[in-house]
Every structure is written in C-alpha cells, then in structure tokens.
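The following exercises concern the geometry, surface and charge pairing of one structure. Each task is followed by a solution in steps.

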Amino acid sequence: IGRADAMAAAAMVASAGGGDFSDLREIKKQLLSVAERSRERGLQHSGKWAAELAFALEPLPLSELPPPPVLTEEDARDLDAYTLAKSYFDLKEYDRAAYFLRGCKSQKAYFLYMYSRYLSGEKKKDDETVDSLGPLEKGQVKNEALRELRVELSKKHKAQELDGFGLYLYGVVLRKLDLVKEAIDVFVEAAHVLPLHWGAWLELCNLITDKEMLKFLSLPDTWMKEFFLAHIYTELQLIEEALQKYQSLIDAGFSKSTYIISQIAVAYHNIRDIDKALSIFNELRKQDPYRIENMDTFSNLLYVRSMKPELSYLAHNLCEIDKYRVETCCVIGNYYSLRSQHEKAALYFQRALKLNPRYLGAWTLMGHEYMEMKNTSAAIQAYRHAIEVNKRDYRAWYGLGQTYEILKMPFYCLYYYRRAHQLRPNDSRMLVALGECYEKLNQLVEAKKCYWRAYAVGDVEKMALVKLAKLHEQLNESEQAAQCYIKYIQDIYSCGEVVEHLEVSTAFRYLAQYYFKCKLWDEASACAQKCCAFNDTREEGKALLRQILQLRNQGETSSTDVAAPFFLPASLSANNTPTRRVSPLNLSSVTP
Amino acid sequence: MASVHESLYFNPMLTNGVVHANVFGVRDWVTPHKMALLVLLSELGRAGAQLGLLERRRLNRLLLPLLQGPDMALSRLRKAIEECCPHLAGSVHIRLKLMAEGELKDMEQFFDDLSDSFSGTEPEVHKTSVVGLFLRHMILAYNKLSFSQVYKLYTSLQQYFQKDEKKNGADENEMELTNPEELDGKMEKEELDGPLREEEIACSGPLSQKQAEYFLSQQASLLKNDETKALAPASLQKELNNLLKFNPDFAEAHYLSYLNSLRVQDVFSSTHSLLHYFDRLILTGAESKSNGDEGYGRSLRYAALNLAALHCRFGHYQQAELALQEAIRIAQESNDHVCLQHCLSWLYILEQKIFDSCVLLEHSVNKSLHFGLPYLASLGIQSLVQQRAFAGKAANKLMDALKDSDLLHWKHSLSELIDISIAQKTAIWRLYGRSTMALQQAQTLLSMNSLEAVNVGVQQNNTESFAVVLCHLAELHAEQGYFAAASEILKHLKERFPPNSQHAQLWMLFDQKIQFERAMNDGRYHVADSLVAGITALNSIEGVYRKAIVLKAQNQMSEAHKLLQKLLIHCQKIKNTEMVISVLLSIAELYWRSSCHTIALPVLLQALALAREYSLQYLASETVLNLAFSQLILGIPEQALNILHMAIEPVLAHGAVLDKGCAMFLVAKCQVASAASYTPQKKIEALESAILNLNEAKTYFAKVDCKEQLRDVLYFQARLFHTLGKTQERNKCAMLFRQLHQELPAHGVPLINAFK
C-alpha cells in the first residue's frame with residue numbers, strides 16, 4: 001500500500017515534471033505534503049528544506065491545502081506503537097523506540113524502526129570513539145548495526161517492498177559501509193520513487209565526484225532535478241552553469257527562497273566575485289536575520305574585504321543566536337584574525353573542530369592562523385588534517401606550499417602548488433605562486449609560462465603581467481617587456497580600479513625609456529608625462545622629457561615632416577595623452 | 001662498473017635498527033590475543049619443572065615472536081603451542097574456555113592473580129625481563145581501562161573464543177570427510193608456511209603501536225636487505241593503507257610506503273608519501289621539546305635532501321639538483337655539517353651523472369673523516385677509487401686506498417661497505433683485464449659470511465654489490481665457454497632480483513650482452529641485431545657499439561664506420577676510455593678488412609698507447625694482436641712474432657676462449673709466414689710447431705662453437721700438412737673442412753686474410 005502511495009506521489013510529480021514550473025500551486029502542495037511526511041519519519045533536514053522552499057511560494061487558500069494523509073488499515077494497527085515510538089525517537093531514545101516498533105508492518109512505522117536502529121548505532125559509535133581501547137583502534141570503531149540493517153534492507157529491496165524513504169535509508173547504510181557504487185544506484189532509485197525527498201538528492205551530490213559521473217546517471221525528469229543540478233554544479237565548481245540554473249529557478253517563482261539566495265551567494269564566493277556575493281548575503285541577512293548556515297562564507301567575504309565593523313556586528317549577532325555552532329565559531333575566528341589576534345582566532349577554529357571534526361574549512365583557516373603566528377609546524381599539521389578530510393581542498397595544498405615558501409624551500413613547495421593548481425587549473429593565484437617559485441629557482445622559462453598562463457586565465461591580483469614584464473626585462477627582451485607593460489596598463493585602466501597600483505609608475509617609466517630608445521618621441525613623452533604623475537618617478541619623468549625635447553629640437557628638420565607613426569594601441573594612446581584625463585570608467589569602453 | 005652510491009639514502013626509520021615513533025601516549029593495550037598469551041605465560045609458570053628441557057626451549061623460542069607479532073586467531077596460536085608442547089596447549093585452552101564461558105569476574109580475578117607472579121622472595125618472573133615487561137605492560141593497560149572498556153574487552157574475548165569454537169566445529173566435520181593421509185599433507189604444508197606469515201595480518205585486528213612498529217621495522221629491513229622476502233608491493237601497500245587509516249599520524253608508515261613505491265618505480269605516489277612523511281615528521285619533531293627548534297629544522301633539511309635523492313633515483317637530474325641546492329642552502333644556514341656532508345656526497349653523485357669532478361669528492365672524504373662519518377668517508381673513497389680507475393691512475397695506489405678503506409670498514413663493522421668494496425675490486429680487476437683475480441674476488445664475496453648475519457640474523461641478500469658480482473661471474477663464465485653455468489647464474493639473479501626491482505637492470509644488460517656474444521660467435525647476426533635494441537635501452541653507448549659490430553659483421557662497412565666515428569667522438573668527450581679503445585680497435589678492423597693496413601696502423605698505435613696509459617692490460621694485448629696481424633699482412637712476420645710474444649701470455653692467462661683461439665691462430669700464421677725464409681730443416685720444425693698451435697686454437701674454437709674459425713683453421717692445417725707431405729692427416733683435415741664448409745654459407749672475406 002505504501003508502495004502505491006509512493007507511486008501516486010511519483011505520478012503526481014511526473015505530471016508537473018520536466019523542469020516545468022508552470023503550476024506553482026501544485027509544487028507548493030507537493031512540498032507541503034513531503035515536508036509533513038519527512039517530519040513523520042524523523043527526517044528533520046529534508047523536512048526543513050521542503051518547508052523552506054514551500055515558504056517561498058504564495059500561500060494556498062484553505063480549499064487547496066493538501067488533505068491529511070489517508071490512513072490505511074496497517075497504519076491504524078501500528079498507530080499506537082508509532083505514536084509512542086515517535087515520542088521516544090524525538091527524545092533521542094532510539095533503542096527504546098526501536099523496541100516498541102518491532103514487528104510493525106506499515107511503511108511509516110517500519111521506516112522509523114529501521115531509522116532508529118541506524119541512529120542508535122551511530123550514537124553508540126560516537127560514544128565509543130571516546131573510550132576505545134587504543135588510538136589505533138579508534139579508526140576501527142564501526143556502527144555495529146549497519147551490517148544487520150544492510151541484510152534486512154537488501155532483502156526488502158529485492159522483494160521491492162521499500163518506499164522512497166526506505167530506499168534512502170538503504171542507500172545511507174550502503175554509503176556508510178563504503179559501498180559507493182551500490183549506494184549511488186539505490187539513491188537514484190530512491191529519487192525515481194520519491195523525487196520530492198531532498199535528502200536522497202543531497203546524498204547523491206556527496207557521492208558524485210565529477211561531471212562524467214553525472215552524465216551517466218539516469219535521473220527522474222522532475223522539477224526537483226533542477227534544484228539538484230544547480231546544487232551539484234556548485235559542488236563541482238561549475239559555477240557558470242550553477243548560476244544559470246539558479247537564475248532560472250528564481251525566474252520560475254522561487255525568488256524569495258533563502259536557500260536559493262544563499263546558494264547563489266556561495267557560488268559568487270567561489271568565483272571570487274566578492275561584491276556581488278556580499279550584496280546577496282546582506283540581502284539574505286535582511287530576509288532571514290537568525291540564519292546561521294552559510295554565515296561562515298559570508299564572514300570570509302567580509303574578511304577578504306577587511307570590513308571590520310560589519311564582521312564584528314555579524315560575530316556578535318551570531319554569538320547571541322547560538323554560540324555553539326560551527327559557523328559561529330568560524331565567524332568569530334575570522335573576526336579575531338582580522339583584528340590580528342591570531343591565538344584567539346586559532347582557539348575558535350579549534351572549538352569549531354571540536355563541534356564537528358569533519359568541518360573542513362576550519363582546519364584550513366587554522367592553518368592560516370598558525371602561519372600568521374609563524375608557527376609553521378602547527379600550520380603544516382593543520383593543513384595536512386584538512387587534506388585528510390578532503391583531498392581536493394586546494395586551499396590546504398596552497399597553504400602548505402606557502403608554508404614551505406616561508407621556510408625558504410622554493411623547490412619543495414613546487415609540489416604543493418602544483419597539486420593546488422591541478423585542483424583549480426584556472427585560478428591565477430596558484431599560477432603566480434608557481435611562477436614565483438620558478439623565478440626563485442632561476443628557471444625563468446617555466447616562470448614565464450606560469451605568469452603568462454596566470455594572465456590568460458584572468459589574473460585576480462593583476463600582478464602576473466608586471467612580473468612577466470620584469471622577467472622579460474631581466475632577459476633583455478625589451479620588446480616583450482614593453483608589450484606586457486602596455487597590456488598591464490590597459491588592464492588596470494580598463495577594469496576601473498580606483499586603487500593606486502604600485503607598479504603603474506614602474507610600467508610607465510619602463511615604457512618611456514623603451515620608446516625613448518626606439519626614438520619614438522611622441523610615445524616616449526606621453527609616457528614620461530604619465531610618470532610625472534607619480535611621486536617615485538616624477539624626477540625621472542621630467543629628466544626624460546627634457547632630453548626628448550632636446551633631441552627633438554636637434555632632429556627637427558628630419559622628424560617634423562614625417563607623421564609620427566603611432567605604434568600604441570588605441571586605448572593606451574588614449575590613456576597617455578595628458579590632455580584627456582578622463583575617468584577610468586569611460587576608458588573601459590575604448591578597450592577592445 | 002656500477003656506481004656503488006645508489007644505496008645511500010637517509011633512512012631515519014632505521015637508525016640502529018630501531019623505529020623511532022612515539023606519536024601516541026598509549027603504546028600497547030589488552031586484546032583477546034594478548035590475554036591468551038598471558039594465560040600461556042601463567043600456565044608456563046605453573047607447569048614449572050614438569051616441562052622437559054626440549055619443550056621449554058621450544059616454547060621460549062616461540063614466545064618472542066608471539067609477544068612482538070601481530071594478533072592472530074586462537075586456532076593458529078593453539079597450533080603453534082601444540083607444536084612445542086601439546087600438553088600445555090590443552091591447559092591454555094581450558095583456562096580460556098573457563099574464562100570466556102564464565103563471568104566477567106573470572107577475567108578480573110585472572111588479572112588480579114597476574115601481579116602475584118612478581119611477588120615473593122623468589123619471583124617466577126623477573127621484573128625487567130622481556131616477559132616481565134610484557135606482563136607489567138598488560139597489567140598497567142588493564143588497570144587503565146574504564147568500566148565500559150573492561151566490559152568491551154570481555155565481550156571481545158568471548159567472541160574471540162567463540163569464533164575459534166565455530167571454526168573447530170567446521171574442521172571436525174571436514175576431518176570426518178577427508179582421509180587421514182591428506183590431512184597429514186595439509187598439516188605439513190601449514191608447518192612449512194611457518195608460524196608467522198605476514199599475509200595473515202590482514203585478517204586479524206588492528207595493530208597496536210608496538211606491533212605496528214615491529215611490523216614496519218621488519219619490513220623496512222627486509223626491503224633493504226632481502227627484498228624478495230618482504231611482502232609483495234601491493235599487499236604491503238594495502239597493509240600500510242590500513243595502518244594509516246586507523247592512525248594517520250603514524251609518520252613512519254608513510255616512509256615505508258615511499259620505499260615501497262620506489263620498488264615499483266612509481267614516481268607519483270612515492271613523492272606523495274615522502275612529502276607526507278616529512279610533513280608529519282616536522283610536527284612530531286616540533287612536539288618533542290628536548291630537541292627544541294633543532295629537531296624541526298633538521299627534518300626540513302633532510303626532507304629536501306630526500307627529495308633530491310628521489311628525483312635522482314628516477315633520473316630527474318635537473319630536479320634533483322634544484323632540491324639538493326635547497327638542502328645545501330638550508331643546511332648551511334643552520335650550520336649542520338653532517339647534513340652538508342650528505343649533501344656533498346649526493347652532489348658528487350649528481351655531478352658524476354653530468355661530468356666528472358674529483359675535487360668535490362676529495363673534499364667530501366676529507367670533511368667526512370673530520371666529522372667522524374666513516375660511512376660517508378669510505379663511500380667517498382670507493383667512489384674516488386672508481387673514478388681514478390677510469391681515469392687511469394696507478395693501480396697499486398688504488399688498491400692501497402681500497403685496503404685502507406677496508407680497514408675502516410672492519411673497524412666500524414660496516415658490513416654493507418665491505419660487500420661494496422669487494423664488488424668494487426671485482427669490477428676493477430675486470431677493468432684491468434685480470435679475469436682470474438676478478439673471479440677470485442667475486443667468489444670471496446659470495447662465500448663470505450656477512451657480518452650482518454651474525455648481528456641481526458638477516459642475510460644481506462639483494463644489495464647492489466651482489467648483483468654486480470653475480471653479473472660479472474656470469475660474464476666470466478660465458479667468456480670461458482661455460483654457457484650452461486652462466487645461464488644458471490642468470491637464472492639465480494632473476495630469482496633474487498625480480499624484474500621490477502631496483503638492480504634488475506644490471507642483470508638484464510649482462511644477460512643480453514652474453515646472448516649477443518653467443519649469437520655473434522654462431523654467426524646468427526640477425527639474432528644479434530634484434531638484441532641491440534634491448535641493450536640500447538639499458539645502456540645507450542654499449543648499444544651503439546654493438547650495433548656497429550653487427551653492421552661490420554654484415555659487411556656494411558661504411559655505415560659501421562660512420563657509427564663508430566660518432567661513438568668515438570662521444571666517448572672521448574665523456575672520457576669513457578674503455579669504450580674509446582674498443583671503438584678504435586673496431587675501426588682498425590674495418591680498415592684492415594678493406595685492406596687499408598697502413599691506415600689501420602696509426603689507429604692501433606693510438607689504441608695501444610691509451611690502453612697502456614690507463615693500464616687496461618687486456619685491451620692492450622688485444623691491440624697488440626691486431627697490430628701483429630697488420631704487420632703480418634704487411635709482410636714483416638718476424639716483427640709480428642716478436643710483438644706477439646708480448647701479448648700471448650696475458651691473453652692465455654686471462655683472455656676469453658675466443659681470443660685465445662684467435663691468438664694461437666695468429667701465432668701459427670706468423671710462424672708459417674716467417675718460415676718462408678728459413679732453411680728447409682728449420683722450416684719443417686717451424687711448420688710442425690705451427691700445426692701444434694693450430695691444434696690448440698682448434699680446441700679453443702670448439703669450446704665456444706665458432707664454426708667459421710674452425711673451418712679456417714682446418715683449411716690452414718690441411719695446407720700445412722700438404723706442404724709437409726703428410727697425406728693422411730691432410731685428408732682428414734680436408735674432410736673435416738669439407739663438412740664444415742657445406743654447413744656454412746660462403747664467406748665474403750678471403751679466408752686467410754681475416755684475423756678474427
């Protein structure tokens with residue numbers, strides 16, 4: 001009967017399937033009912049997710065509210081046991097709940113029975129980790145219940161007696177037993193039977209490691225798939241695709257969903273579009289002021305922008321809401337770090353790890369703090385831990401590289417930077433770091449390649465070109481050096497950076513001298529005049545101008561007739577003409 | 001000659017054979033297996049004088065591996081005890097059964113009683129003995145357990161026991177089914193497997209720290225000394241992964257995993273493991289306050305140094321150099337002279353790969369002596385000797401130096417270096433062309449009892465020196481025509497150094513060289529040609545040289561000449577004198593084959609001068625033979641005979657059989673040629689002696705199965721007999737010649753004109 005129930009739900013969804021969001025009321029109905037059903041089975045997180053999403057949609061009139069689930073004969077028989085057990089379950093007395101549920105036949109009661117057994121095993125496992133016999137045995141502590149659960153569930157699975165929730169639990173058990181392939185199959189099946197259950201989708205997200213795997217999954221064609229795809233694109237760092245998906249979800253009518261907003265903010269954070277991410281987070285805080293999830297990401301952004309007051313406000317606010325949350329500890333850690341109180345920051349990150357040892361970000365952040373404290377060995381330890389939790393954590397690899405760079409081992413750190421680069425092939429920071437190492441090792445050819453690549457993938461810190469130019473300068477390749485400086489100046493002006501860049505003056509000075517040597521007086525004087533705008537190059541600029549004037553006067557007869565060949569690219573010439581001191585924003589339109 | 005240095009790598013895990021790991025506070029804890037051992041010990045104490053002397057001794061020998069080894073199933077333990085003393089095994093089983101099927105209080109009582117064995121005026125167990133320490137460890141670990149832990153221990157004891165019972169039941173069923181004879185066979189087989197096979201670890205529980213340390217140090221020393229006895233790479237890696245899963249802080253396991261990856265030539269994972277190891281080591285170094293900052297910086301230096309070693313091992317010399325520079329810089333900054341010495345030695349190895357530099361090495365030796373690093377110093381001396389030998393320094397001085405360094409080895413009991421030194425001597429004697437001396441040295445090493453065997457009980461078996469010596473031995477046998485013996489030796493090498501191991505390339509090269517020589521002797525040039533590719537892969541210079549020889553044999557003179565000229569220039573550049581002389585000889589041969597004897601002469605003289613200068617005696621004699629042949633052809637056989645006297649002695653004493661044959665053949669030819677001007681009486685005498693010499697040459701050629709040469713000799717002999725009028729002998733020779741001539745294809749070069 002439960003199976004039929006699930007089928008009905010599937011059919012219901014299928015009618016609205018195919019990423020079709022035309023009937024939002026129907027979707028809302030489905031969400032409300034699945035939230036209720038998840039709650040009945042003690043699946044708090046899935047229930048929360050569905051409820052949150054339902055909240056973002058228009059309220060339904062009374063007549064359209066989903067009817068309370070129809071009770072079957074079996075349900076009625078198990079009702080007393082279920083009610084009792086559910087209350088025990090809510091009080092975390094899992095063994096007791098399981099005891100009273102034994103022998104129950106209805107789907108709901110059976111699920112709760114199995115689920116409490118699973119949770120009881122998990123709880124015992126956690127307790128046992130504290131007093132296992134020896135440290136080497138610690139890793140061996142297992143959830144003893146898993147094996148039995150697997151046997152029972154697989155029997156039911158073969159007989160096709162499991163509903164969507166049952167399949168989900170079976171998948172979880174398989175995953176805990178490290179049977180990843182089987183687990184994926186079961187989760188996919190669960191998603192087919194009960195597409196509305198977010199938990200199954202989320203588990204799939206954790207198990208799928210690359211795009212190829214995703215391609216070969218046969219997923220049910222429902223609107224839930226869109227949410228799943230958006231989520232997994234974010235996980236797999238395919239930010240462009242993820243943002244597109246989320247945008248279409250918002251367009252479909254989920255604009256008020258805090259879940260989507262937070263995911264978009266995280267996505268922007270991942271591609272380091274700090275301003276957008278910040279504004280979205282601020283919006284999120286307005287809508288959901290007591291939210292703690294994702295606030296660690298928000299604090300990272302504030303940290304990067306050194307927004308002390310905002311970070312301080314956030315930290316205090318979160319601390320008031322709940323100070324024993326991983327995210328809160330992380331925010332406070334960031335706050336202390338920004339105030340350069342690194343010991344305290346490390347302390348808070350440690351606390352976060354005590355609350356959740358698998359909270360990856362804290363290990364990396366703690367590593368950063370130890371780096372600041374110049375405690376390199378502790379930093380290495382922290383980074384290594386981070387890598388242990390997640391081998392694909394590029395920040396930890398990068399941090400390890402930095403540590404060894406500080407220890408003046410440029411060759412040694414190459415390995416770590418390379419690992420980080422492998423994980424984020426399009427991140428310029430790793431490439432610049434690699435380039436710097438190669439430069440230190442005097443391997444200039446490799447260094448050039450790295451800098452060039454860093455520029456090609458979109459340099460965040462805008463330093464790659466200057467470094468490249470300086471390398472060319474060292475190698476006496478003045479032509480290329482000049483090209484690099486020109487590109488650098490174009491870059492700086494085109495992106496409208498208001499911040500005074502240190503190297504701009506160097507670039508102009510080099511260019512002025514370069515044109516002077518090439519006897520291109522117009523360009524040289526333009527650059528020299530630019531030089532005069534900076535403190536450190538003013539004198540040199542003036543001297544050069546004087547020289548140019550002198551030489552021009554000498555060669556007056558020959559050069560006046562010939563129209564000066566203007567080598568410079570359009571934008572640069574525009575930059576350099578001192579008469580047109582336009583704001584950088586206008587200039588950006590000129591750049592190709 | 002192989003470079004002896006490759007085995008030099010810093011192995012922090014094995015200093016004095018002890019594993020240094022104290023990452024965790026708890027070193028050992030009580031497990032059901034340990035409890036079974038405790039029961040065994042207490043039973044042993046109780047049995048006391050009832051046990052026979054033999055049984056007692058067997059038990060004592062069993063105890064240590066049991067105490068140190070990994071946990072094992074009860075049935076296996078019982079079997080092990082049964083083999084020593086069946087009576088005791090029964091009582092241990094009964095006591096365990098009582099405990100496991102009784103109550104928790106039985107176990108508590110047992111531990112209370114344990115400490116009694118120390119009390120009394122004459123305690124059964126001495127507190128500081130191995131057994132005493134074990135007992136005290138266990139009692140302490142037990143007392144530390146919390147309530148729930150005690151209960152858990154008890155339940156696991158019950159499980160341990162029940163599992164055995166179940167298995168026994170199954171066994172008994174099986175016993176009824178199978179007949180007793182088969183069972184006996186099975187028992188024997190298990191006995192052969194030995195009581196402590198490491199494969200079994202996988203099925204037992206997690207290792208305690210002590211057991212893990214023991215496991216690691218055992219495997220590491222096996223890897224170093226006798227790789228074939230260590231676990232197979234895959235299963236060792238599995239063990240290590242297991243170990244690391246339970247305790248990622250166990251840094252030494254990473255190092256072993258690095259060594260293991262080196263075995264299978266896996267650059268990627270070996271780098272990964274090495275760096276991981278040092279990341280972990282750095283943190284433990286920082287934790288131990290006794291060393292202070294020093295311990296931490298030290299591991300950094302060695303980290304860079306090891307990375308250099310790794311890259312060098314994989315042939316990334318440029319990378320290795322960069323890493324080494326880094327190590328040197330850090331070591332210099334912190335004034336670590338010992339580390340600097342290690343760096344210097346490595347620097348030498350690296351430089352050697354690129355160009356020679358004695359200065360560095362001399363410096364290294366001096367400094368190492370100064371800092372009291374005998375290992376490095378004598379390694380340096382040996383490298384120096386090796387290099388000087390190539391550079392043609394006086395042989396007596398080199399042998400003196402080796403003797404001095406041998407003194408150093410024996411003084412410090414550096415058995416590994418003693419082996420290397422003997423291998424070095426073998427190689428040097430061969431370089432000088434004294435095959436008998438080389439043979440003697442090789443046999444010395446093989447039949448010597450290693451010092452290590454006395455100390456640790458592990459035979460150093462798969463070191464490079466053994467590979468080198470065995471390879472030389474194989475080649476020496478092949479030269480003398482004992483091909484069966486040679487292939488026997490090579491078979492042994494294959495077993496001892498499996499194809500993926502570090503030194504396998506050595507025997508592969510020698511194997512192919514020997515096959516090549518045989519193919520050339522038989523005149524199967526296409527076979528030889530197919531071997532060239534393999535040789536080139538292992539040693540490019542040797543490969544090119546062999547290619548030229550094949551071309552020459554196939555009468556493709558101009559190609560051979562081109563190749564040889566190129567090779568000559570290259571070898572002169574890298575100062576490989578041995579090869580230069582060989583190449584010169586081949587070029588000369590090309591010339592005289594094209595009947596340009598006058599051009600060949602200066603080339604030969606150049607080769608002779610070089611060979612004399614570098615005291616490569618064997619090559620010198622070979623050059624003389626060539627020279628004599630040229631003179632013979634140029635019509636001055638008397639002169640040729642004169643210089644032949646110089647060369648014939650060393651060739652007969654040390655030469656390969658083929659060369660001996662050629663030499664004798666040449667002598668005979670010269671005798672005949674010079675006899676032309678003699679009086680008839682004298683002429684007959686000369687011809688007769690030439691016939692004798694030809695007979696000798698014939699036996700030599702027959703030994704290595706050189707049919708072409710045999711044919712030539714027979715033809716020549718027939719002519720001589722004819723001249724002497726001995727018809728019967730002449731006919732016999734002619735008949736033999738005819739037989740051979742029908743077998744072999746016609747020769748491109750006129751018969752008498754060839755010397756080889």
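**Exercise 1. Positive phi in loops**

In which loop of chain A does K92(A) lie? Determine also its exposure and its phi value, then treat N555(B) likewise.

Solution. The model is predicted, so local features need pLDDT of at least 70 and side-chain atom pairs count only at pLDDT 80 or more, whereas totals for chains, interfaces and linings use all residues. Residues are numbered from 1 along each chain as its sequence is written, chains are lettered from A and ligands numbered from 1 in the order in which they are written, and side-chain values use heavy atoms, with hydrogens and water left out.

Step 1. K92(A) lies in the loop between α4 (73-90) and α5 (94-101) of chain A; helices here are DSSP runs of H or I with at least four residues, numbered from the N terminus.

Step 2. With a relative accessible area of 54%, K92(A) is exposed. The classes are buried under 20%, exposed over 50% and partly exposed in between, with a 1.4 Å probe and protein chains only.

Step 3. Phi of K92(A) is near 65°, a positive value in a residue other than glycine. Most residues other than glycine have a negative phi.

Step 4. N555(B), which is not a glycine either, has a positive phi of about 65°. Its loop runs between α26 (540-553) and α27 (557-574) of chain B, and N555(B) is partly exposed at a relative accessible area of 40%.

**Exercise 2. A helix and its buried residues**

Compare the span of helix α4 of chain B with the expected span, and list the buried residues of this helix.

Solution. Step 1. Helix α4 of chain B covers residues 86-101, which is 16 residues.

Step 2. The expected span is 1.5 Å times one less than the number of residues. From first C-alpha to last, α4(B) reaches 22 Å, close to the expected 22 Å.

Step 3. The buried residues of α4(B) are L88(B), A89(B), S91(B), V92(B), H93(B), L96(B), M99(B) and A100(B).

**Exercise 3. Surface patches**

Which residues make the nonpolar surface patch of about 290 Å², and which gather in a patch of negative charge?

Solution. Step 1. Patch members have over 30% relative accessible area and no salt bridge; like charges are joined within 9 Å, and nonpolar side chains (Val, Leu, Ile, Met, Phe, Trp, Tyr) within 5 Å. Accessible areas come from the Shrake-Rupley method with a 1.4 Å probe.

Step 2. L32(A), L62(A) and L65(A) make the nonpolar patch. L32(A) belongs to helix α2 (residues 24-40) of chain A and is partly exposed, with a relative accessible area of 31%.

Step 3. The negative patch gathers E108(B), D112(B), D113(B), D116(B) and E124(B) on the surface. Asp and Glu count as negative, and the place of a charge is taken as CG of Asp or CD of Glu.

Step 4. Within this group, D116(B) lies in the loop between α5 (104-114) and α6 (130-144) of chain B. D116(B) is partly exposed, at a relative accessible area of 45%.

**Exercise 4. Salt bridges**

How many salt bridges are there over all chains? Describe the pairs R39(A) with E36(A) and E589(B) with K552(B).

Solution. Step 1. A salt bridge requires a side-chain nitrogen of Lys or Arg within 4 Å of a carboxyl oxygen of Asp or Glu. By this rule the count over all chains is 46.

Step 2. R39(A) and E36(A) are joined by a salt bridge of 3.2 Å, N to O. Being three residues apart in helix α2 of chain A, they are separated by about one helical turn. R39(A) is partly exposed at 40% relative accessible area, and E36(A) is partly exposed at 34%.

Step 3. In the salt bridge of E589(B) with K552(B), the closest N and O atoms are 3.0 Å apart. E589(B) lies in helix α28 (residues 577-593) and K552(B) in helix α26 of chain B, so the pair ties together parts that are 37 residues apart in sequence. E589(B) is buried at 8% relative accessibility, and K552(B) is buried at 7%.

Step 4. Salt bridges that share partners join E40(A), R41(A), K108(A) and D163(A) into one network.

How values were computed. Helix = DSSP H or I, 4+ residues; strand = E, 2+ residues; numbered from the N terminus.
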